[in-house]
Amino acid sequence: MEPVAALELRSVDLHSARNNKGHHTQEMGVERLILRRGQLFSLQLSFNRPFQAHRDHITFVAETGPEPSELLGTRATFFLTQAQHGDVWSVSDFSADSTSLHVSLFTPASAAIGHYTLSTEIAQGQGHRVTYPLGTFILLFNPWSTEDDVYLPSETLLQEYIMKDYGFVYKGHESLVTSWPWNYGQFEKDIIDICFEILNKSLYFFRNPAKDCSQRSDVVYVCRVVSAMINSNDDSGVLQGNWSEDYSRGTSPLEWNGSVAILRQWSTQGGKPVKYGQCWVFASVMCTVMRCLGVPTRVVSNFRSAHNMDGNLTIDTYYDRNAAMRPTQKRDKVWNFHVWNECWMTRKDLPPGYNGWQVLDPTPQQASSGLFCCGPASVKAIREGDVHLAYDTPFVFAEVNADEVIWLFEDGEAQEILAHDTSSIGKEISTKMVGSDQRQDITYSYKYPEGSPEERSVFMKASRRMLGQGRAPSPLLDLLGSGAFRARPARLQLHLARAPVWGQDVFLTLHVRRLQDGAHPWGPLRLEIRFCAQALMHGGSTREPLWKQTVSLDLDFGKEIHWPLLLPYTSYGNKLTDEKLVRVSGLAKVEETGSSMLVLKDFSLELPHLAIEVSMTAEVGKALRVRISLTNTLTVALSNCTMVLEGSGLIHGQIAEDLGTLMSGDTVHMRVDLYPSKAGPRQLQVLISSSEVKEIKGYKDIFVAAAGAS
């Protein structure tokens, strides 16, 4: 009987296209194997002779990280013919066909994500083994697997929060929320590699690479690492923040269309932070990274967001006698809006009941465990005031629940409380609606209705925990329930007479109505009202006054006065920030009592609108003619105009074009041919910037048919 030749591997087929489709990663390409953990994948091994189960002993080895270790869970050894049960690396099934072996492998839902090498060891008799490399693969989180901590039991939600590569960021202010299209582009070529490059440049990796790679099995850990790495306050993070309004050394945060250009620039520059980002840029880039890694993620905007650094749940702001908001050395602020992320996961590190959406905030605001990151904080814990639960829950609770106390500041100190508002913080908390371009208000998921018994009860519960039992109570707690600051002799309101447009005069109306009060229940009042307009910064502070006016009114009981106010374009034209936000404030002094009342109105000035037309059916590989037009409806020219187009699956990278100067009343028409590379729903984002206006944005949803479909 002739001796049987030793089994030798001749070739391997990783079935990348088939496996990637089954693992929902085909959008990232089919040239290499990209898998999701907790799911089978198949491969084919071809040998020099038929496989003989009783004679041939085959072992598989999967490794990740710089120092693979079975103890750390970054190296796994498993056998072809040895049955394994449970959440472990194993061979699920195999079959022989001539000289080929078809094998189904299983990766545990608790495996670390990362780049893996797969090899096989074949016993050749007398203890001799030969190792053959089979190839490499990338392993991601798997929200389709019931065993994974990121499991999301809804295909509709998975299509939105994993597979959708575009969306909207909500900006502006609570009375006029505006949507900004954003290209997440998580499936663009090389983005997945950049995402792991981000993990590999974290301080955790540099301190202990082997341990860091091992901990990548834990979604909570990975989220915290990414949250720290999107900003660059501690490390070679992706973005450098800038709230100074001087962006001459980089790109204005308003001029980004999407995440892809930012991530590629960071990687190309060897991990040098990209200039510049603000909250919506940080959050949108983090959304790209987390969706790419397999964690269901969405972008959330909180309007009138408290930045409460001292943890007392009170934000103090100050106005002078001329109604101007005063600068303060305190770091506490009320931001017009703030943008963060929510990631979906099971929180095994918390008591039961806190799974689901978790807040993660990559904007550098305060250190958490020594690094500038925030979260994950359970949205359920925030709603219930369970601020003792990890991570950073007190800070996020304050962002949506802090009370605002407004003071009259005079002679170097706070003289009088002008307002104590328990419901002005945390308004219109917004995210993109599933399967729609509409906005969804999710304020209810963060807190009970303002003023309800449940809301005040939760606030008091969180206050006691945050202030501590041994400390003196906050003055704010004494104010709660007090009517001392609600009894006013008149009600003042500011209204816009018509939609405010940048480049034109702004018309407002002051509504004043006499109310009954204890001091002067029936008599007339004389009011001196000083008005002031200031450019409102995104971070809640203001610039020097740009317009002032004083009005004196005599007000009888029951009487109502409508007083017109005019804010000329010449007063604000060159004094606003790029976001064109204005705060008009009025301070009314009651002559009879000397007391004061404050009235505020924030608004953003409307900009010209883009028109985008697509006149034909889009198909992969075929030219798609897009027509873009912009009419300058302003009274001033727009100089140094540039246009940037972006859209995953429609454009490789970006298309940029100089448009020159657009005079008042003129229209510019542009025609662009696109060659879509991916089928399915896509979005084209268009940004036109000028020296005068940085953010004229528009978008067009485009459905791309597969090649040959027409």
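This short talk walks through two sheets, two helix pairs and some recorded sites in one structure. Keep in mind that the model is predicted.

Let's start with the sites. The UniProt record, an unreviewed entry, places the feature "active site" at Cys 279, His 338 and Asp 361. How far apart are these residues? In sequence they span 83 residues. In space, no two of their C-alpha atoms are more than 9.7 Å apart, so they gather at one spot. Cys 279 is found in helix H8.

The record also has a domain. UniProt lists residues 271–364 as "domain: Transglutaminase-like", again in an unreviewed entry. Over that stretch the chain is 16% helix and 41% strand. The C-alpha atoms at its two ends are 18 Å apart.

Now stay with H8 and meet a partner. Two packed helices are described by the angle between their axes and the distance between the axes. For helix H3, residues 191–200, and helix H8, residues 279–293, the axes come within 10 Å. They cross at roughly 105°. That makes H3 roughly perpendicular to H8. Which residues make the contact? H3 gives Ile 191, Ile 192, Cys 195, Phe 196 and Ile 198. H8 gives Thr 288, Val 289, Cys 292 and Leu 293. Count the kinds: eight nonpolar, one polar and no charged.

Next, the sheet of six strands. Strands of a sheet pair through backbone hydrogen bonds, either parallel or antiparallel. Here the sheet is open, and the pairing is antiparallel. Read the order as E18-E17-E16-E14-E21-E22. Which strands are at the edges? Strand E18, 377–378, and strand E22, 439–441, each pair on one side only. Look at the E18 end. Strand E17, residues 356–360, pairs with E18 over two bridges, in the antiparallel sense. Val 359 stands opposite Ala 377 in E18. A helix packs on this sheet too. Helix H6, residues 219–230, touches strand E16, 333–345, and E17. The direction of H6 makes about 145° with that of E16.

On to the sheet of three strands. The order is E15-E19-E20, the sheet is open, and the pairing is mixed. Strand E15, 314–319, and strand E20, 413–421, stand at the edges. Each has a single partner strand, so one side of each is left without a neighbour in the sheet. From one strand to the next, the twist averages 30°. E15 and E19 run parallel, joined by six bridges. One pair to find on screen: Tyr 319 has Leu 408, in E19, as bridge partner.

E19 takes us to the other recorded site. UniProt, in an unreviewed entry, lists Asn 401, Asp 403, Glu 450 and Glu 455 as "binding site". These span 55 residues in sequence, yet no two of their C-alpha atoms are more than 12.3 Å apart, so they gather at one spot. Asp 403 has its place in strand E19, residues 403–410.

Two of the others turn up in a helix contact. Pro 394, Phe 397 and Asn 401 in H10 meet Glu 455, Val 458, Phe 459, Ala 462 and Met 466 in H12. That contact divides into six nonpolar residues, one polar and one charged. How do the two helices pack? Helix H10, residues 393–401, and helix H12, residues 453–467, pack at an angle of about 140°. Their axes are 12 Å apart. The two are therefore oblique to each other. H10 passes H12 in a left-handed crossing.

Notes. Residues numbered from 1 in each chain as written. Predicted model: local features only at pLDDT ≥ 70, side-chain atom pairs only at ≥ 80, totals over all residues. Heavy atoms only, no water. Axes fitted to C-alpha atoms, helices over the stretch in contact; angles between N-to-C directions. Helix = DSSP H or I, 4+ residues; strand = E, 2+ residues; numbered from the N terminus. Parallel < 35°, antiparallel > 145°, perpendicular 65-115°, else oblique. Left-handed = near helix turned anticlockwise from the far one by under 90°. Contact = heavy atoms within 4.5 Å. Nonpolar A, V, L, I, M, F, W, Y, C, P; charged D, E, K, R; others polar. Pairing = 2+ DSSP bridges. UniProt positions renumbered as here; feature names shortened; annotations may be inferred.
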